[in-house]
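Trainee: Could you take me through one part of this model closely? I would like to look at the metal site and what lies around it.

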Amino acid sequence: MAHWRRNSHWGKIMKRIMPGCAALVLLCGAAAAQDDATRSITQVTDDVYRFDNNFHVSWFAITDEGVVVGDPINQAAAEWLKAQIAERTDQPVRYMILSHSHGDHASGGQVFEDTAEVVAHENATAHVEAGEVDTAMPDVTFADTHEFSLGGKTFELNYLGEGGHGDDLIATVIRPDDVAVVVDVVNPERLPYQTIPAASIDGYIGQIRAVEALDFETLLPGHSKTGTRADATATIEYLELLRQRVQERLDAGDDLEQIKAAVTMPEYADWGSYEQFIGLNVEGMVGHLSN
Ligand SMILES: [Zn+2]
């Protein structure tokens, strides 16, 4: 979303400068967006840090035996992050954990490949091999769960299941910090993205239920603000209520435009992106329930 909006903005400027050069507009827009990125690092616990790159979030953890990083986001973001980590510790980045293989989170992993082992779900490998995402090839993969320790911390990786958002989405719980990294399926107090991209709504909710079943305190998302386990529960409640309201209109025989006009979620009007995404969320739910 962030890149699209920023690219669109730059696209308009470039179009004014160079009318009729659509390809160049896109290229210049993308380059400008990366150079222009708004980035910050925030401490979450003693050793775990949140990394914001425009509207995408990642993380890293510093230990006495090395650093563990999350999603690289893209090459420019990863290069900036690498330099920031080097300012905080002499330890090398030993592991990079990919939340899933979607390009807006997993791109640019080559930046950490010199010192880091790349850890991901086993389904991620095929997506990297197919060129769907430009990142480092996973070195360590797993099916259901995987755990490793470094410098007194344990990293518990949990596959969130298939049929939902992607087929390789995992949650990483960092101990003893009790921080869970949960990307895309839970965005604390923010509406689900656009048309709720997922293979099925049951699969999507199933992934959030898998998050809900984990033991942790702090939820570090891929978008939106830092939250807690309760944000997983709140997201399920939102989706179940939206499903119920859309299903009622479908049962009444309404078409898409009638349903979009009729269904709102006023209980969640204070959540982020409400005005922007409510119509798309309804549309996405109609699609999921009509399949
Ligand atoms: Zn995704």
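Mentor: We start with the metal site, then move outward to the rest of the chain. Keep in mind that this is a predicted model.

Take the zinc ion. Its protein donors are His100 through NE2, His102 through ND1, His165 through NE2 and Asp184 through OD. They lie 2.1 to 2.2 Å from the ion. Along the chain, the donors follow the spacing H-x1-H-x62-H-x18-D. One pair links distant parts of the chain: histidine 102 and aspartate 184 are 82 residues apart. Histidine 102 sits in the loop between strand 5 (93-97) and helix 4 (103-106). Aspartate 184 sits in the loop between strand 11 and helix 6.

Now the geometry. What angles do the four donor atoms subtend around the zinc ion? They run from 88 to 178 degrees, so the arrangement is irregular. A tetrahedral label would need all angles between 85 and 135 degrees. For reference, the ideal angle for four tetrahedral donors is 109.5 degrees. Water is not among the atoms, so a site may look incomplete.

Compare the burial of two donors. Histidine 102 is partly exposed, because its relative accessibility is 27%. Aspartate 184 has a relative accessibility of 10%, so this residue counts as buried. The cut-off for buried is under 20%. Aspartate 184 also has a backbone feature to check: its phi is positive, at about 75 degrees, although the residue is not a glycine.

Two other backbone features deserve a look. Serine 224, also not a glycine, has a positive phi near 75 degrees. Serine 224 is in the loop between strand 12 (218-221) and strand 13 (227-228). Then there is a cis peptide bond between arginine 175 and proline 176, with omega at about 5 degrees. Proline 176 belongs to the loop between strand 10 and strand 11.

Next, a histidine outside the list of donors. Histidine 121 is in strand 6, residues 117-121. With 2% relative accessibility, histidine 121 counts as buried. Its side chain reaches the backbone oxygen of alanine 143 at 2.9 Å. Beyond its sequence neighbours within four places, histidine 121 contacts Thr141, Phe142, Ala143, Tyr159, Asp167, Asp168 and Ile170.

Now step out to the packing. The largest nonpolar core has 37 residues. Tyr238, Leu239, Leu242 and Val246 have the most contacts inside this core. Strand 10 (170-175), strand 11 (179-182), helix 6 (201-212), helix 7 (230-251) and helix 9 (274-290) each supply at least two of its residues. Look at valine 246 in detail. Leaving out neighbours within four places in sequence, valine 246 touches Ile259, Val263, Val282, Met285, Val286 and Leu289. Another core, of 25 residues, lies apart from the largest one and includes Met96, Ala106, Phe112 and Ala124. In soluble globular proteins, nonpolar side chains tend to be buried together.

Finally, the whole chain. The chain has nine helices and 13 strands. Of its 291 residues, 52% are buried. Among contacts with a separation of 6 or more, 60% come from residues 24 or more positions apart. The chain exposes about 12,900 Å², and carbon and sulfur atoms supply 47% of that area.

Definitions and conventions:
Residues are numbered from 1 along each chain as its sequence is written. This is a predicted model: local features need pLDDT of at least 70, side-chain atom pairs count only at pLDDT 80 or more; totals for chains, interfaces and linings use all residues. Side-chain values use heavy atoms; hydrogens and water are left out. A nonpolar core is a set of buried Ala, Val, Leu, Ile, Met, Phe, Trp, Tyr and Cys residues joined through side-chain atoms within 4.5 Å. Buried means under 20% relative accessible area, exposed over 50%, partly exposed in between (1.4 Å probe, protein chains only). Helices (H or I, at least four residues) and strands (E, at least two) are DSSP runs, numbered from the N terminus. Contact means heavy atoms within 4.5 Å. Donors are N, O and S atoms within 2.8 Å of the metal (3.2 Å for Na, K and Ca); water is not among the atoms, so sites may look incomplete. Four donors count as tetrahedral if all angles lie between 85 and 135 degrees; four count as square planar and six as octahedral if opposite donors are over 155 degrees apart and all others between 65 and 115; anything else is irregular. A polar contact is a pair of N or O atoms within 3.5 Å; within protein, one must be able to donate a hydrogen and the other to accept it, and residues adjacent in sequence count only if both atoms are side-chain atoms. Accessible areas come from the Shrake-Rupley method with a 1.4 Å probe; for residues, only the protein chains shown count as cover.
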